[in-house]
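Open your viewer, set up a cartoon representation, and keep the selection box handy. We will go from stop to stop, and at each one I will tell you what to pick and what you will find.

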Amino acid sequence: MRKDTFLGAALILALAALTGVALWQTAGRHAGGRVAVTRHPERIMGTTCTLAAVVNSRDTARAEDALRRAESVLRAVEARMSVWLADSEISRLNAASAAEQVPLSRDTVAVLRAARDAADQTGGAFDATIGPLIELWKRAAERDRVPTQAELDEARAASHWDLIELTDAGAVKRGASARVDLGGIAKGYAIDRAAQALHRAGVAGGLVDLGGDLKCFGEPPDDPHWTVEVKNPLGVTRLSRLRLAGGAVCTSGSYARFTVIEGERYSHIIDPRTGRPADAAPSVTVIARSALSADIWATALSVTGPHGFKRLPKGVEALIVAGTGEDHRILCTDGCRPLFMDPLPRVTPAGSAPPTRAGSSP
Ligand code: AMP
Ligand code: MG
């Protein structure tokens, strides 16, 4: 039987500000002739970036080349999918009128398809068609006034997947008001593609870290596993270290990204069901094989809280902080626990039996 786990109250305050910042602890060390060559490109997708390639010490030119390729993959995804760039493919799609054929790259069509599938898989918690709601809350922050219910209803009705038709070569909107925002998925996709570029360049191991969301594969120079530190950004303590043979870790959290309107803090993640900022889970860390999945589910669980665990696909594990104020609860899926190198504090079975995962017995 698979059940979720309730962590003891002792660490609750420390974990309220949980983040998934990764510290890759072996970069640059030598062992058995292998080295890690790193690169720290200037801001990509509004955040910091670390790339690493593990090669034989005679092969650093290969590593440099691989890292350059990985960086250009990340920048290409940003150029195509950012809503912050007026000439991105997504900005052109958003500005298009109804029935206009909007040509899109294969990458952008792939991400739009994945986003549409994610809306089904997450029961609507992840919905990239919330563009008008994101813009409404942005304006609300600028004028320091919470939107009215009528404004929320209008923004919600303006955009949904039925209004967007995807083809292999692009998209056609059935209504001009439909707008997408790939901010919850493009980063994960970019990380996967950049890791793939490293892999194809023939390196023995690699790491792509975009602002704490990351993917690793192969081996670091002196360890068969990668070590990812999950820490509390407000304090010196770390929660624990994850030991990964490869895979992705993504974190979503309203503690770090929020706006203040009329004196209240609001998350940057929108609950598509209400049109209002999500408040179910201040911090969610997801571990999955692909960064695409981890990115999607970190956002989706921020909307649903632990109730979303039952929808998690096999192989996707999550650690979340649920609740508000003094009522915080820390929950993780069973498969999550063995990945932590340092024992998590007092782990007790959930007394009130939170929802089990899809496919598990009750
Ligand atoms: P993340 O920080 O990875 O959870 O991504 C959050 C970003 O995804 C936001 O800044 C928005 O651009 C977008 N977003 C917000 N709410 C949602 C949602 N419910 N579904 C899909 N994307 C969202
Ligand atoms: Mg994310």
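Begin with the cysteines. The structure holds zero disulfides, and keep in mind as you look around that this is a predicted model. Select C336 and C332 and show their sulfur atoms. The closest cysteine sulfur to that of C336 is the one in C332, at 4.9 Å, and a disulfide needs the two sulfurs within 2.5 Å, so this pair is too far apart for a bond. C336 is also buried, with 0% relative accessibility. Now pick C216, another buried cysteine, where the relative accessible area is 1%.

**The whole chain**

Zoom out and colour by secondary structure. You should find eight helices and 19 strands. The protein has 362 residues, and 54% of them count as buried. Switch on a surface next: the protein exposes about 16000 Å², of which carbon and sulfur atoms supply 51%. If you like contact maps, here is a figure for yours: among contacts with a separation of 6 or more, 66% join residues 24 or more positions apart.

**The ligand site**

Select ligand 1 and the residues around it. Which residues come closest to ligand 1? They are D127, D181, S252, I270 and T299, out of 17 residues that surround the ligand. Colour this shell by residue type and it divides into eight nonpolar, five polar and four charged residues.

Now draw some distances:

- From D181, an N or O atom of the side chain is 2.6 Å from an oxygen atom of ligand 1.
- From I270, use the backbone: one of its N or O atoms lies 2.7 Å from a nitrogen atom of the ligand.
- From D295, pick a polar side-chain atom, which sits 3.2 Å from an oxygen atom of ligand 1.

With those contacts on screen, consider the area of the ligand. Taken alone, ligand 1 exposes 500 Å², and the protein buries 93% of that.

Which helix gives the most residues to this shell? Highlight residues 291-304: this is helix α8, and it contributes three.

**T299, in helix α8**

Stay on that helix and select T299, which belongs to α8 and is one of the residues closest to ligand 1. Is T299 buried or exposed? Its relative accessibility is 13%, and since buried means under 20%, T299 counts as buried. A polar atom of its side chain lies 3.2 Å from the backbone oxygen of D295. That makes D295 worth a second look, as its side chain also has a polar atom 3.2 Å from an oxygen of the ligand. Beyond its sequence neighbours within four places, T299 is in contact with F126, G184, S252 and I269. Of these contacts, S252 is also among the residues closest to the ligand.

**V109, in helix α4**

Next, select residues 106-121, which form helix α4, and find V109 there. V109 is buried, at 3% relative accessible area. Outside the four places on either side in sequence, V109 touches L104, T167, D168, A169 and G170. Add A171 to the selection too: V109 and A171 are 62 residues apart in sequence, yet their C-alpha atoms are 7.9 Å apart.

**R257, in a loop**

For a contrast, go to R257, which is found in the loop between β11 (247-253) and β12 (258-261). With a relative accessible area of 51%, R257 is exposed. Setting aside neighbours within four places in sequence, R257 contacts Y266, S267 and H268. Draw one more C-alpha distance, from R257 to I269: these residues are twelve apart along the chain and separated by 8.9 Å. You have already met I269 as a contact of T299.

**Two backbone angles**

Finally, open a Ramachandran plot. Most residues other than glycine have a negative phi. Look for two that do not follow this pattern.

D144 has a positive phi, near 55 degrees. Select D144 and you land in the loop between α5 (131-143) and α6 (149-157), at a partly exposed position with 41% relative accessibility.

E262 is the next one to pick, with a positive phi of about 50 degrees. Find E262 in the loop between β12 and β13 (264-267). E262 is partly exposed as well, with a relative accessible area of 47%.

Key: Residues numbered from 1 in each chain as written. Chains lettered and ligands numbered in written order. Predicted model: local features only at pLDDT ≥ 70, side-chain atom pairs only at ≥ 80, totals over all residues. Heavy atoms only, no water. Near = heavy atom within 4 Å. Polar contact = N/O pair within 3.5 Å; in protein donor to acceptor, adjacent residues only side chain to side chain. Areas by Shrake-Rupley, 256 points an atom, 1.4 Å probe, with all protein chains shown as cover. Helix = DSSP H or I, 4+ residues; strand = E, 2+ residues; numbered from the N terminus. Nonpolar A, V, L, I, M, F, W, Y, C, P; charged D, E, K, R; others polar. Buried < 20%, exposed > 50% of the residue type's maximum accessible area, 1.4 Å probe, protein only. Contact = heavy atoms within 4.5 Å.
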